[in-house]
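Biologist: Could you take me through one part of this model slowly, namely how the strands are put together? I would like to follow it with the structure open beside me.

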Amino acid sequence: MQDFGAAFGLAFHLITSGDSALTEIVLLSLRVSLTAVLLACVVGLPVGAAVAVGRFRGRGLATVILNSMMGLPPVVIGLLLYLTFSNAGPLGALELLYTPGAMIVAQAVLVAPIVAALARQVIDDLHREYDEQLRSLGVGPWRTIATVLWDARYSLLTVSLAGFGRAIAEVGAVIIVGGNINHVTRVMTTAIALETSKGDLALALALGMILISIAVAVNAGVMALKATASRSAYA
Amino acid sequence: MLDAAMPKSDFSAANTPPPRRASLLVAEGLCFEANGHRLIASLDLQLDQGSRSVIMGPNGAGKSLLLRLIHGLLKPSAGSVAWAGCDVGRATKQRQAMVFQRPVLLRRSAAANVRYAMAVHAVPRHEREARLQFVLQAAGLEHLAAKPARVLSGGEQQRLAIARALSIRPQVLFLDEPTASLDPASTLAVENLIQHAHAAGTKIVLVTHDIGQAKRIADDVVFMYRGQVEEHSSADKFFGNARSARAQAYLDGRIVL
């Protein structure tokens, strides 16, 4: 127990002293996950909007597929991307394997279906409510999508925060395609796994505390957004 | 109590519409089917320009459905709808507005809801502020312009929905039971707005269950029963001596099934 106490003490010291190794890992994690969520939103929001507002054959199937993809197992995605980016794979020429780029792609692939599926639900609900009124006003399909996206902006921001929460806490896929290389692809989750196995609990605990703080901050952000939305009656 | 077994001959003469002026709406052979059920069956209807037409009838008669069909929100299974000789389309909708029983307001301020409608209808920018002030004032909502629309009371929301509709100066204003869930004071305020729109030259097509409201507003009444127009006559004739036995029963407060 004394070792644990010492490890916690050292962990606090690492955080408060701004340890360079710790800072590097945290910053890389944030860069990878924020970029991945941005990419996931660029792809996921239009896909979610299209499935919600569009009237086409197979729309129900598309919804089922989107919802099912929310539960993609990260290690399987990691394995598939590993095969894709390896030298013998179809995208081997990009030389992305074991780079932050590969980790961004992996997290984006995991988060995009979550963003798309949740956005579809949010947009579908609002579109059902607005549909007759907007058609009565003579609003065209593109303006309808723009109106619904704008009015659902708070909910969609919440969706992207949920995606970020998933991305920053992900370990299975990024460790396979990133390789957990020191100073190159080591992020918070992979570093925690490695340092724990090595017995360096201080760094693992420090990273764990930061990770939990980020998760709490994301949830606080979601709650603040919801409160703002309710206050403005946008909910 | 009346039921569907009543002889048809009692009502056949009652379908004669009131004397025509220039017909604004001509609906011919209108049918609408859903899930194998015929909800509107070979309906013919003509509505005059400028008058206040009230559609009445028991639940399930097809009143709201008819409103959506003639406004173009639903496509008929058969038959045609023509407004001043033109088919229902986006261009027609640009000259019409509809207010629903439960007002659908955007998640924006009261003023932004009105501005949105004017932007969609390409009202010249220099006219928008004046129109906004005018319709909000007419609706008694000028002090609530900056408030989010969805925190307004039920009556205020419905008045805002009508103000938004009036901001585009529609040729035709459809209202689907706009006061169904409002108290008397709010109902009066909504009726004043409807009268205001009519005085400005807008054709009113109102669906209501409220006989008192129909008496206060109607120039002509369309009485529907099971997807058919049972009687269409002037308000004086309809309320004085309805030709349809079912319509008379409805007016007498008897249950019409």
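Modeller: Happy to; here is a walk through the strands of chain B and the helices that pack on them.

Please keep in mind that this is a predicted model, in which local features need pLDDT of at least 70, side-chain atom pairs count only at pLDDT 80 or more, and totals for chains, interfaces and linings use all residues. Residues are numbered from 1 along each chain as its sequence is written, chains are lettered from A and ligands numbered from 1 in the order in which they are written, and side-chain values use heavy atoms, with hydrogens and water left out.

A few words on terms. Strands (E, at least two residues) and helices (H or I, at least four) are DSSP runs, numbered from the N terminus. Two strands pair if DSSP finds at least two bridges between them. In general, strands of a sheet pair through backbone hydrogen bonds, either parallel or antiparallel.

Let's start with β1(B), residues 23–34. This strand runs antiparallel to β2(B), residues 37–48, and 8 bridges join the two. If you click on Phe32(B), look across to Ile40(B), its bridge partner in β2(B). The hairpin of these strands has 2 residues between them, and Asn35(B) takes a positive phi near 50° there. β1(B) also pairs with β4(B), residues 78–83, again in the antiparallel sense, over 5 bridges. On that side, Val81(B) of β4(B) stands opposite Ala27(B).

Now for the open sheet of chain B. Its 6 strands come in the order β6-β7-β8-β3-β9-β10, with mixed pairing. At the edges are β6(B), residues 96–99, and β10(B), residues 228–234, each pairing on one side only. Neighbouring strands are turned by 15° against each other on average, direction ignored; for angles, axes are lines fitted to C-alpha atoms, for helices over the stretch in contact, and values run from 0 to 180 degrees between N-to-C directions.

Within this sheet, β3(B) (52–56) and β8(B) (203–207) run parallel, joined by 4 bridges. Ser53(B) has Val205(B) of β8(B) as its bridge partner.

Two helices are worth turning on next. Helix α2(B), residues 63–71, packs on the sheet and touches β3, β6, β7 (172–176), β8 and β9 (220–225) of chain B, where contact means heavy atoms within 4.5 Å. The direction of α2(B) makes about 155° with that of β7(B). Helix α7(B), residues 184–199, also packs on the sheet, touching β3, β7 and β8 of chain B, and its direction makes about 150° with that of β8(B).
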